[in-house]
Every structure is written in structure tokens, then in C-alpha cells.
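Biologist: Please put the model on the screen. I want to ask how its labels are earned.

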Amino acid sequence: MTEQREAGDRRITVLIIPDGDLETRSFEISYTRLRILIAVGGIIAAGLAIMVAFWFPVASQAARVPALVREVDRLEAERSQVTELARRVEEAEAAYERVRQMLGADGADASDEPILPPLTEDTAAASPADDVSMAPTEWPLARIGFVTQAASLDGEGHPGVDIAVPNQSYIRATAQGTVVAAQRDSVYGLFVLLEHGAGMESMYGHASELFVDRGDVVERGEVIALSGSTGRSTAPHLHFEIRKDGVPVDPTEYVRQP
């Protein structure tokens, strides 16, 4: 490399001598252009340095994205579990409140006095066959109770509803009718079967005591028995059926829980 000076324009000459070649190459560049090239190269180098300086933090954060996505998915799953747990707690609280009402903890049933069994002569003249009021629509208990098993009428299911109530609770006739059976059964324990006319019957099972006998005529809402756990039963409850033409139907289609 040689340097030469001309009037008013200093230049620098770069001489290139290839290895094993007699011919040489050279090029000149002014100091002004050289400074410009050096300045441009410096700017480019500084830009690259800045890009590299920022690239590593960005790349580091980007590498955490998959882990963050997995963490978000895990939190979403936990939130769904918490929501489901809250729903179950609400259902449990509602069931607990119904059980409290069933047991009379709030005294809500204090004014719900049942109709005690009437004298036979007061109802002996009734004729179930021609009284439209004999439709089974009355809730069969003096208490609200808690339905623990619904009817399942698929032929081998549950032909009625089970209503949990304390032992010795009043069982009431769902409609006016005639007692066609009041006896003990190995499955239903002590039970009462009422005939209401027009092919409608109602049955009350697992009683602890019966107040009626076969042939008695009872009024709607009349107390016919006390609840219990006789027969095939593990806890006090009423097994309540409604039958039409001898075939069990869903009692909730006829009676509404208060």
C-alpha cells in the first residue's frame, strides 16, 4: 500500500499482489471517500451490534412462550375444576337446605297440620268412581321431604319415587279413594294401596304404622299411615307410586312437591 499526494486531493493507493502471479492490481481511493466508507461501516456495525444486543433478550422471552402456554392451559383446567367444585357446593348447600326443611329445622311445617283419620261414617258414602276430584294430585306427605330417587319406568327400573322424611312422619292420601290393600310386603314393608276410580291407584310403601284397613274410604290429604323403613329399605322414606290401569306412571306428572 502506498500513499501519494496530489495538489488539493490526497489519495491512498491499495496494491494487491496475488501469490505466484506477476501481475499486480491496485486501486485508489480518496481520503474523503475512505472516511465516508469507514463511517458507513461503523454505522452498519453499530446497527448490527444493537440488533444482536436486542435479539438475545427477545429470543430468550420467545423461548418461554411454549412453557407459558402450558401454564395457561393448566390454570384454565384448574379454573374449570374450581367452577365445577363451586357448582357442586351450591348443589350440596341447596340439598342441605331441603333436608333442613324436611326435618323441620326452620319450623316451616309447623302450621301444616295434617288431616287426621276421620270416622268411618263421615266418608263411607263416598263413591270413587264418579268423583273427578279423586285425581291423585296431593303431595303424599305432611312434610316437604326430599326426593332421593325418581321414577324409572323402563320395565326393570324404579316404579315410583322415594321421598326421604323422618321416621313417624304423616303419610297422606293423594286423593279421595278406597283402600284396596293395607298390609305387609317383603319388599314394600307396610303399605297402603288406594283406588281412586277411572283406573287410577296410588301406593304408599315402607310405612311404620297403618291407620286404615281394606275397604275404608279416605279423603284427599287424610293421614293414612306413618313413614318408616319397613321392607326392603335402609332408611326412613316413603315409596310413592301412582298407577293407571295397573301400570306405574311417573308420580311427578300428577303431584307437585310443595
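Modeller: Keep in mind that this is a predicted model.

Biologist: Why is His 206 called buried?

Modeller: Its relative accessible area is 4%. Buried means under 20%. The value falls under that cut-off, so His 206 is buried.

Biologist: Where is His 206, and what is its phi?

Modeller: His 206 belongs to strand β9, residues 200-210. Its phi is positive, about 65°, although His 206 is not a glycine.

Biologist: Why does Asp 245 count as exposed?

Modeller: The relative accessibility of Asp 245 is 60%. Exposed means over 50%. Asp 245 passes that mark, therefore it counts as exposed. Asp 245 also has a positive phi, near 55°, and is a residue other than glycine. Its place is the loop between β12 (237-244) and β13 (247-249).

Biologist: What makes strand β11 largely enclosed by the rest of the structure?

Modeller: Count its buried residues. In β11, residues 223-227, 5 of the 5 are buried, so the strand is largely enclosed.

Biologist: How do you know that β6 and β11 pair?

Modeller: Pairing needs at least two bridges. Strand β6, residues 170-172, has 3 bridges to β11. That meets the requirement, so they pair. The two strands run antiparallel. One of the partners is Tyr 170 in β6, bridged to Leu 226 in β11.

Biologist: What makes β9 and β11 a pair?

Modeller: They share 3 bridges, in the antiparallel sense. Again the requirement is at least two, so the label holds. Here Glu 209 stands opposite Leu 226 in β11.

Biologist: How do you know that Asp 250 has no salt bridge?

Modeller: Look at the nearest side chain of opposite charge. That is Arg 256, 12 Å away. A salt bridge must be within 4 Å, so Arg 256 does not qualify. Asp 250 is buried all the same, in the segment after β13.

Biologist: What makes the link from Asp 250 to Thr 252 a polar contact?

Modeller: Their side chains come to 2.8 Å. The cut-off is within 3.5 Å, so the distance fits.

Biologist: Which residues form the nonpolar patch on the surface?

Modeller: Ile 36, Val 40, Ile 44, Leu 48 and Met 51. Together they have about 500 Å² of accessible area. Ile 36 lies in helix α1, residues 31-102.

Methods. Residues are numbered from 1 along each chain as its sequence is written. This is a predicted model: local features need pLDDT of at least 70, side-chain atom pairs count only at pLDDT 80 or more; totals for chains, interfaces and linings use all residues. Side-chain values use heavy atoms; hydrogens and water are left out. Helices (H or I, at least four residues) and strands (E, at least two) are DSSP runs, numbered from the N terminus. Buried means under 20% relative accessible area, exposed over 50%, partly exposed in between (1.4 Å probe, protein chains only). Patches are made of residues with over 30% relative accessible area and no salt bridge: like charges are joined within 9 Å, nonpolar side chains (Val, Leu, Ile, Met, Phe, Trp, Tyr) within 5 Å. Accessible areas come from the Shrake-Rupley method with a 1.4 Å probe; for residues, only the protein chains shown count as cover. Lys and Arg count as positive and Asp and Glu as negative; His and the chain ends are not counted. A polar contact is a pair of N or O atoms within 3.5 Å; within protein, one must be able to donate a hydrogen and the other to accept it, and residues adjacent in sequence count only if both atoms are side-chain atoms.
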